[in-house]
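Q: I am new to this structure and would like to learn how to read it. Could you start with how two helices sit against each other, and then take me to the empty spaces?

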Amino acid sequence: MKFLPVASEFISEEEISVICQENREKLLEKGYEQISISEKSSYEDIAYFIITGGTERQIMQFVASREENSEIVLIVYSDNNSLAAGLEILARLSQLGRKGRIDLLDYKSFSAAESTIMNVDINLEGARIGVIGAPSDWLVASSYSAEIVKKNCNAELIEIPMDEFFGFYTSNNDATEIIVNDLTSKAKNIIEPDKEDFDKNAKVYFALKKIVDKYNLEALTIRCFDIVKIFKATGCFALSKLNDEGIIAGCEGDITAILGMLESYKRTKKIPWMANPSRLDLENNIIELAHCTVPRTLVQSYILRSHFETNLGVGIQGYFPTGKKIRLFRLGGENLKKMWQANGEIIHTGNSEKLCRTQIIIRLDDKSITELLYTPLGNHLIVEML
């Protein structure tokens, strides 16, 4: 079968070539032969090698021109949020009634586990949730209308233009020193960020606080990559701090994730964490999760890094306590009426330079991790501390 490598705008053609070359033997063993984008239209039966996250909408555009009964093959590997993107795409294909499957490059074969997705009813008690900017383009299975959220979760989505955030950000006159000093003085190490990066990230926090106050929000999610593109600043610290203050805050405009986070917080009174499923160890029923932000109250210590995908701004590399019992879950389905969940234990904190900065490795106690490869509800998973 022919395959087409697909990557986000944040990676160069040279880097794409290097990754394809590094994985060449595994691809050949599975019978895959690379083609270029210019050759795509010549083949109906092609697979998509997901080089990075952020490629979901691009691949769905390719899929739109395929025969409706064709099976969409998604090749994923262990780095660069490839798995997370594959799960989001497969969830969207399922929503559309299309056939698709994930091919894990590190495994010659694997068997499906019986799906344990359950029906749920979520009641968020009239919560006001800010959606700042539209959901990120790659969240093809994680965007829901305000009407669906109101009807099925009893929550109100407050749509706030990015321009309003930009206005608060650029006009900010709040002193950043106290905020920055609190962040930096408690870090075990500072690697990439400099003073300008920290000042910009404090301004992101102040801008979000003003929006929270103006709209009386319990929670928010923001299209954070727009901040990176325009100001070379990241929202990772701001979202971390808001969560620690009890304002549940999520990344990328992901409506599904913020609903799950808020439901968890209301029910347990504990701060949850959202992250990308990044690597799977099928033999040992282990999943590795990663993201560039984490509430600092959840971790034993942290290092200050850049944001992984862009190498800009401030990311947080946190270290969770091992042996901690957790619940892992994800909302989804056509009308937010489905849930996948599993219990497990944090067995290790990762330190890979090929994943988002905070990384935890979890062994599941009661579910097979291969469920995610056949019946995913989307990308981001929610970690709830038990």
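A: Happily! Please keep in mind that this is a predicted model. Let us begin with a pair of helices: α3 and α4 are oblique to each other, because angles that are not roughly parallel, antiparallel or perpendicular count as oblique.

Q: At what angle do the axes of α3 and α4 cross, and within what distance do they come?
A: The two axes cross at roughly 40° and come within 10 Å. The crossing in which α3 passes α4 is right-handed.

Q: Which residues of α3 and α4 meet?
A: On the α3 side they are E56, I59, M60 and V63, and on the α4 side A84, A85, E88, I89, R92 and L93. Sorted by class, this contact has 7 nonpolar and 3 charged residues, with no polar ones.

Q: What is the angle between α7 and α8?
A: Helix α7, residues 177–185, packs on helix α8, residues 195–215, at an angle of about 115°, and their axes are 9 Å apart. α7 passes α8 in a right-handed crossing. From α7, the residues I179, V180, L183 and T184 meet F198, D199, A202, Y205 and F206 of α8. By class, the contact of α7 with α8 holds 7 nonpolar residues, 1 polar and 1 charged.

Q: How do α6 and α8 cross?
A: Helix α6 covers residues 162–170, and its axis comes within 8 Å of that of α8, crossing at roughly 125°. Why is the pair α6 and α8 called oblique? An angle over 115 but not over 145 degrees falls outside the other classes, so α6 and α8 are oblique to each other. The crossing of α6 and α8 is right-handed.

Q: Which residues make the contact between α6 and α8?
A: E164, F165, F168 and Y169 come from α6. In α8 they meet K200, K203, V204, A207, L208, K210, I211, K214 and Y215. This contact of α6 with α8 divides into 8 nonpolar and 5 charged residues, and no polar ones.

Q: Now for the empty spaces. What is the volume of the largest pocket?
A: A pocket is an open space, whereas a cavity is one from which the probe cannot get out. The largest pocket here has a volume of about 790 Å³. Its lining is made of 39 residues, and S8, F10, T52, G53 and E309 are the ones nearest the centre.

Q: Which helices supply at least two residues of that lining?
A: They are α1 (13–22), α3 (56–64), α4 (82–95) and α9 (225–231). You have already met α3 and α4 as a pair whose axes come within 10 Å. By class, the lining of the largest pocket has 14 charged, 14 polar and 11 nonpolar residues.

Q: What is the volume of the second largest pocket, and what lines it?
A: The second largest pocket has a volume of about 260 Å³. It is lined by 15 residues, and P5, V6, E13, I16 and I37 are the closest to its centre. β1 (2–6), α1 and α3 each give at least two residues to this lining. In the second largest pocket, the lining divides into 9 nonpolar, 5 polar and 1 charged residues.

Q: How many cavities of 30 Å³ or more does the structure hold?
A: There are 4 cavities of 30 Å³ or more. The largest cavity has a volume of about 150 Å³. Its lining counts 16 residues, of which C224, F225, C236, C251 and H307 are the closest to the centre. Two or more residues of this lining come from each of α9 and α10 (236–244). The lining of the largest cavity is made up of 8 nonpolar, 6 polar and 2 charged residues.

Q: And which residues line the second largest cavity?
A: The second largest cavity has a volume of about 70 Å³. Its lining consists of V76, Y77, S78, L83, L104, L105, D106, Y107, S278, R279 and L280. Strand β12, residues 273–281, gives the most to this lining, with 3 residues. By class, the lining of the second largest cavity has 7 nonpolar, 2 polar and 2 charged residues.

Note on methods
Residues are numbered from 1 along each chain as its sequence is written. This is a predicted model: local features need pLDDT of at least 70, side-chain atom pairs count only at pLDDT 80 or more; totals for chains, interfaces and linings use all residues. Side-chain values use heavy atoms; hydrogens and water are left out. On a 1 Å grid over the protein atoms alone, a cavity is a set of points where a 1.4 Å probe fits but cannot get out, and a pocket is an open set with protein on both sides within 12 Å along at least five of seven lines; lining residues have an atom within 4 Å of a point. Grid points are joined across faces, edges and corners, and a volume is the space filled by probe spheres set on the points. Helices (H or I, at least four residues) and strands (E, at least two) are DSSP runs, numbered from the N terminus. Ala, Val, Leu, Ile, Met, Phe, Trp, Tyr, Cys and Pro count as nonpolar, Asp, Glu, Lys and Arg as charged, and the others, Gly among them, as polar. Axes are lines fitted to C-alpha atoms, for helices over the stretch in contact, and angles run from 0 to 180 degrees between N-to-C directions. Angles under 35 degrees count as roughly parallel, over 145 as roughly antiparallel, 65 to 115 as roughly perpendicular and the rest as oblique. A crossing is left-handed if the near helix is turned anticlockwise from the far one by less than a right angle, and right-handed if clockwise. Contact means heavy atoms within 4.5 Å.
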